[in-house]
Amino acid sequence: MIVNFLIDSRYGGPQMILNHLKNKISNQNKTIYFDKKNKSFFFSNLKKISKIFFIFDIFVNLFSLLLKKEKFKNYDVFLIFSLVNIVPVILGIILKKKIVWYILEKPDLVFYIIFKVLNFISTIEVICITDSLAKMLKIKKYSTYFPTIDHTYWKKKNRLKKKDKFQKILCVGNLNKIKNHIQLIKYLEFSKLKYKLTIIGKKLETQRDYYAELNEITKEINSKSFNKINIYQNKKNKFIKKNLENSDIFILPSLKEGLSIALVEAMCMETLCLVSKPSNHSKIIINNKNGYEFELNEESFSRIFKKINTLRFKNKEKIIKNAKKTVKKLISKNIIFEKKIIDTLLSNHQ
């Protein structure tokens, strides 16, 4: 039996991966899922106020879980999502459970050191979302897993059309600082090109100030220029797919990223993709071949964006076709990995 820990109640890539794995193992094992909204436990999250409370959160949350440790006796495997989710790793070490730690993001130095220490003092089976992430963490023994997306669903019905007067741009991701929407808007304004930007994401309780600033900038641009920005919250796949159908460009401007599911879906939908260098940590985008990469500065973005704006129709079509081929190759490779990951989770159960 497996207990899943993803101490993050937002819905995004990690949630999709968790749900995908749970569907794969649900017929063979009982699973239970803990996050911040779990009614059985109190989870402290004071670090949203200030990073200095991080250590306090660790001790409070560990103490809270240990008080209910009887609940975990019947679980053989602790499946833990995210490098920053260290409390259940410590709990698993204390209770001598099998730990499978799924690393989804590039770490800061502090979390890198914590990861190396925990991995040294205990036998932890590590899964990384990309090989490049594992190499950065200097892990010798690991598995790679990216959930297979339904490429038959993420398929564009309409053929490419010649561009209109405005570039139709789409961003998908929770509305937080890491996704870097505000900086993207500043880059777009600096480029002096006309655009219509659609942002699909979720407003986060921990990012109220960021959302307020994003909303203020959006209102100002919409009232003073021909450019248009629309923000939509809590939208499902059908809405995202419709917007990918009607978009010229998908942009991922993140400050850091593992491997964005939204990016893979956009590539599958044959939407031209433009990504920041930090969000292309997986190197899934190869510049000028299946998309474009830019540095996080105005000059780099403006140069690449203007290049995209002048692409010939045939060149654009070649790039987006290559992007879809990249995704299909990723999916075919992942079928082999998926059985290995499921076997890892199900092995050595009582």
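In this predicted model, Leu46, Ile49, Ile52, Phe53 and Phe56 together make a nonpolar surface patch of about 490 Å². One of these residues, isoleucine 52, is placed in the loop between strand E2 (31–34) and helix H2 (54–67), and it counts as exposed because its relative accessibility of 68% lies above the cut-off, which is set at over 50%.

Aromatic contacts were examined next, and the structure holds 13 aromatic pairs. Among them, tyrosine 102 and tyrosine 145 form a tilted pair, with 6.2 Å from centre to centre and 55 degrees between the planes. Since tyrosine 102 belongs to strand E4 (residues 98–103) and tyrosine 145 to the loop between strand E6 (143–144) and E7, the pair ties together parts that lie 43 residues apart in sequence; both tyrosine 102 and tyrosine 145 are buried. The rings of tyrosine 153 and tryptophan 154, by contrast, form an edge-to-face pair, because their planes stand at 90 degrees, with the centres 5.1 Å apart. Tyrosine 153 is partly exposed, at a relative accessible area of 27%, whereas tryptophan 154 is buried, at 3%.

The face of tyrosine 153 is also covered by lysine 241, which lies 4.3 Å from the ring centre. Lysine 241 is one of the buried residues of helix H8 (residues 237–245), which also include Ile240 and Leu244, and the buried residues of H8 pack against strands E7 (167–172), E8 (195–201) and E10 (249–252) and against helix H9 (261–268).

Elsewhere, Tyr187, Phe294, Phe301 and Phe305 form one aromatic cluster. Phe305 is also touched by serine 191, as are Ser302 and Lys306; serine 191 itself is found in helix H6 (residues 181–191) and is buried, with a relative accessible area of 1%.

Technical notes: Residues numbered from 1 in each chain as written. Predicted model: local features only at pLDDT ≥ 70, side-chain atom pairs only at ≥ 80, totals over all residues. Heavy atoms only, no water. Buried < 20%, exposed > 50% of the residue type's maximum accessible area, 1.4 Å probe, protein only. Helix = DSSP H or I, 4+ residues; strand = E, 2+ residues; numbered from the N terminus. Contact = heavy atoms within 4.5 Å. Patch = residues over 30% accessible without salt bridge, like charges linked within 9 Å, V, L, I, M, F, W, Y side chains within 5 Å. Areas by Shrake-Rupley, 256 points an atom, 1.4 Å probe, with all protein chains shown as cover. Salt bridge = Lys/Arg side-chain N within 4 Å of Asp/Glu carboxyl O. Phe/Tyr/Trp six-rings, centres within 6.5 Å; stacked < 30°, edge-to-face > 60°. Lys NZ or Arg CZ within 6 Å of the ring centre and 35° of its normal. Lists of a residue's contacts leave out its neighbours within four places in sequence.
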